[in-house]
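Biologist: I should like to go through this structure with you, one question at a time. Could we start from a single local detail and then widen the view?

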Amino acid sequence: MRFRTRAFLLLLAAMLLPLAALGVTVRREMGGLIREEHADRRAGAVAAVRGELGRTHARTLERLDAIATDLAGDPRFRVAVETGEPASRAWLLDYAGGAMRAAGLDVLELRDAGGMVLSSGHFRNEYDRQGPVVPAAAAAAEHGFLLRARLPSGPLLSQAAFRVFHAGESEFSLVGGVALDSARLAALAPGEGLEVGVADEADEADEAVASIAMPLVDVRGDVRSGAIVVLERDDRFAALERRTDRWFLLIGAVTAGAALLLAAWLSSRMSAPLRDLSDKAAAIDLERLDQYFANGRSDEFGALADVLDDMTRRLRAGTARLREAERRAAIGDLSRQVTHDIKNGLAPIRHVVRHLSDVAAREPSELPAVFGERRGTLESSIAYLEKLAASYARISPESARTAADAAPLLRELAGSLSTDRIAVVAVPAGDAPRADADPVALRRIVENLAANAIESIEGAGTVTLASERAPAGALRITVSDTGRGMSRTELERAFDDFHTTKPGGTGLGLSVVRRLVADLGGSLQVATEPGRGTRFTIELPAHAGANGA
């Protein structure tokens with residue numbers, strides 16, 4: 001065997017064996033990572049479904065408790081159940097329908113101690129019939145139970161809850177729930193390729209990723225095992241593994257071809273063409289891709305030069321794709337910030353619409369007056385969103401600084417963000433100066449801090465929005481709450497971009513506040529204590545020549 005052939009074979013083996021070992025190792029590790037990612041995705045999907053079912057059950061129990069409290073204190077209810085007087089009887093028959101709609105439920109039954117239906121919201125003619133018995137185990141289930149109720153149009157499956165209450169010396173019970181129709185099940189689906197169904201009805205229960213057990217009570221009172229199941233229709237991870245295998249085979253083939261050429265070239269000669277190619281190859285990096293290897297030769301050196309030239313061309317193309325991917329990532333970050341600001345702008349509108357809906361359900365005659373009172377909040381919020389859209393229409397929005405008065409802003413936010421659970425109080429000082437600031441930026445700062453303060457309160461509490469004149473003449477705005485406060489670790493990362501401790505949060509609120517305050521030439525301070533609340537203090541330069549607000 002000639003030396004050239006032995007050198008060729010040795011070089012070929014020296015290149016291919018390590019590459020093959022590396023490829024097998026990398027493929028095995030990638031396969032493991034893909035399977036772990038698949039398992040994490042499934043676990044996350046099941047956790048999301050469990051969380052939504054738990055929240056729905058908790059809301060249903062709260063609404064049933066509210067209805068029970070209302071009935072226990074209503075003398076018309078006692079007259080209706082104790083005397084059976086016709087007018088009170090008619091009121092009782094219609095009560096469940098109105099209460100069901102007001103509470104946002106799809107199923108509601110009021111029963112006496114014997115289980116007889118006194119009033120039904122979803123099917124009025126169910127009165128004086130024996131309702132299906134709800135066992136104690138079903139009533140105490142973590143996510144409630146599945147109830148197959150009867151409607152005039154047919155059966156309806158719902159996620160239901162059960163509550164017992166007393167009015168006087170008598171015991172009564174409430175059964176209420178939210179429909180589990182196709183639209184609700186589709187909304188529960190946590191991602192692409194996954195579906196949510198009911199085990200009692202799904203034909204593909206054997207394909208379930210996970211099952212959340214819930215007792216099922218039908219219209220006859222039969223109780224059997226039921227479950228909400230998460231199904232996987234499209235295994236994208238298996239497809240990803242197949243594509244990965246194909247790419248590894250392709251890369252292996254290309255690598256083997258390149259190794260074959262390189263081994264043949266190295267074994268044939270060590271000469272000037274080799275040094276020339278080596279020098280050009282050594283000069284290549286991501287910032288310098290202007291090397292060209294083609295030399296017009298028809299021998300092995302020419303073939304190798306063509307391979308290296310093609311590799312450089314593909315590297316240039318790959319670098320261009322990488323830069324495009326970085327640009328898209330930057331646009332994605334901007335999109336998340338826009339989404340965050342729009343959500344904050346929509347919060348007052350959502351509160352007003354919810355208030356109007358409640359008034360329309362309880363006292364329709366008061367709706368025009370209440371709308372007149374809250375119209376200013378709607379128009380102000382819409383104007384804010386329009387200004388926000390105009391600002392984002394420019395890649396680098398310029399601040400339109402004016403003498404911005406914080407007092408009307410604080411009062412408006414206090415009125416629009418207050419709820420039955422959380423009181424938002426505005427305390428503007430009479431001598432507070434106007435700030436030299438963009439009104440839209442000032443609103444974004446205060447609204448972000450107020451939204452964070454509200455979300456930090458787990459029960460009832462108070463958020464205070466105050467303004468005053470700082471000792472140096474600047475405008476000082478404080479946003480304080482009675483929430484859970486922050487630990488030192490949380491405080492150290494509070495202003496990091498995209499860091500959040502809230503489910504579904506963007507992690508942009510405080511980072512946007514910090515950037516906006518810096519852009520306006522102001523300062524931001526935080527005082528917090530776990531369990532006692534948090535206080536944000538912003539100082540902004542006063543507008544030149546501005547008097548007290």
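**Questions on a predicted model**

Modeller: In this predicted model, D74 caps helix 2, residues 75-83, at its N-terminal end. The contact runs from a side-chain oxygen of D74 to the backbone nitrogen of R76, at 3.0 Å.

Biologist: Which residue follows helix 2, and what is the sign of its phi?

Modeller: The residue that follows helix 2 is G84. Its phi lies near 70 degrees, and the sign is therefore positive.

Biologist: How many helices and strands does the protein chain have?

Modeller: The chain runs to 549 residues, of which 39% count as buried. Among contacts between residues at least 6 apart in sequence, 66% join residues at least 24 apart. The secondary structure of the chain comprises 13 helices and 15 strands.

Biologist: Is strand 3 largely enclosed or not, and on what count of buried residues does this rest?

Modeller: Strand 3 covers residues 145-151, seven in number. It is largely enclosed by the rest of the structure, because the number of its residues that are buried is five.

Biologist: Which strands pair with strand 3, in the parallel or the antiparallel sense?

Modeller: Strand 4, residues 154-167, pairs with strand 3 over seven bridges in the antiparallel sense. The two form a hairpin with two residues between them, and L151 stands opposite G154 of strand 4. Two bridges join strand 3 to residues 208-217, where L147 stands opposite V217. The partners are thus strand 4, antiparallel, and strand 7, parallel.

Biologist: Is S173 buried or exposed?

Modeller: S173 lies in strand 5, residues 170-179. Leaving aside neighbours within four places in sequence, its contacts include E109, R111, D112, F162 and F165. Its relative accessible area is 7%, and a residue under 20% counts as buried. S173 is therefore buried.

Biologist: In what order do the five strands of the open sheet stand, and which two are at its edges?

Modeller: The order is 10-12-13-15-14, with mixed pairing. A strand with a single partner has one side left without a neighbour in the sheet, so the edges are strand 10 (422-428) and strand 14 (523-529).

Biologist: What is the average twist of this sheet?

Modeller: The value is taken from one strand to the next. It averages 10 degrees.

Biologist: How many bridges join strand 10 to strand 12, and in which sense do they run?

Modeller: Strand 12 comprises residues 461-469. One pairing across the two strands sets V427 opposite A466. Strand 10 and strand 12 are joined by seven bridges and run parallel.

Biologist: Which helices pack on the sheet, and which strands do they touch?

Modeller: Helix 10, residues 406-417, touches strand 10, strand 12 and strand 13, and its direction makes about 170 degrees with that of strand 10. The other helix, residues 439-455, touches strand 10, strand 12, strand 13 and strand 15, and its direction makes about 20 degrees with that of strand 13. The helices in question are helix 10 and helix 11.

Biologist: At what angle do helix 10 and helix 11 pack, and how far apart are their axes?

Modeller: Helix 10 passes helix 11 in a right-handed crossing. Residues making the contact include L409, L413 and L417 of helix 10 and L442, V446 and I454 of helix 11. The angle is about 35 degrees, and the axes are 11 Å apart.

Biologist: What span should helix 11 have, and what separates its end C-alpha atoms?

Modeller: At its N-terminal end helix 11 is capped by D438, with a side-chain oxygen 3.1 Å from the backbone nitrogen of V440. Since 14 of its 17 residues are buried, helix 11 is largely enclosed by the rest of the structure. At 1.5 Å a residue, the expected span is 24 Å, which agrees with the separation of the end C-alpha atoms, 24 Å.

Biologist: Which strands pair with strand 15?

Modeller: Six of the eight residues of strand 15 are buried, so this strand is largely enclosed. One partner runs antiparallel to it over six bridges, with R476 and E539 as bridge partners. The other pairs with it over seven bridges, also antiparallel, and in their hairpin G531 takes a positive phi near 85 degrees. The two partners are strand 13 and strand 14.

Definitions and conventions. Residues numbered from 1 in each chain as written. Predicted model: local features only at pLDDT ≥ 70, side-chain atom pairs only at ≥ 80, totals over all residues. Heavy atoms only, no water. Pairing = 2+ DSSP bridges. Helix = DSSP H or I, 4+ residues; strand = E, 2+ residues; numbered from the N terminus. Axes fitted to C-alpha atoms, helices over the stretch in contact; angles between N-to-C directions. Contact = heavy atoms within 4.5 Å. Polar contact = N/O pair within 3.5 Å; in protein donor to acceptor, adjacent residues only side chain to side chain. Buried < 20%, exposed > 50% of the residue type's maximum accessible area, 1.4 Å probe, protein only. Expected span 1.5 Å × (residues − 1). Left-handed = near helix turned anticlockwise from the far one by under 90°.
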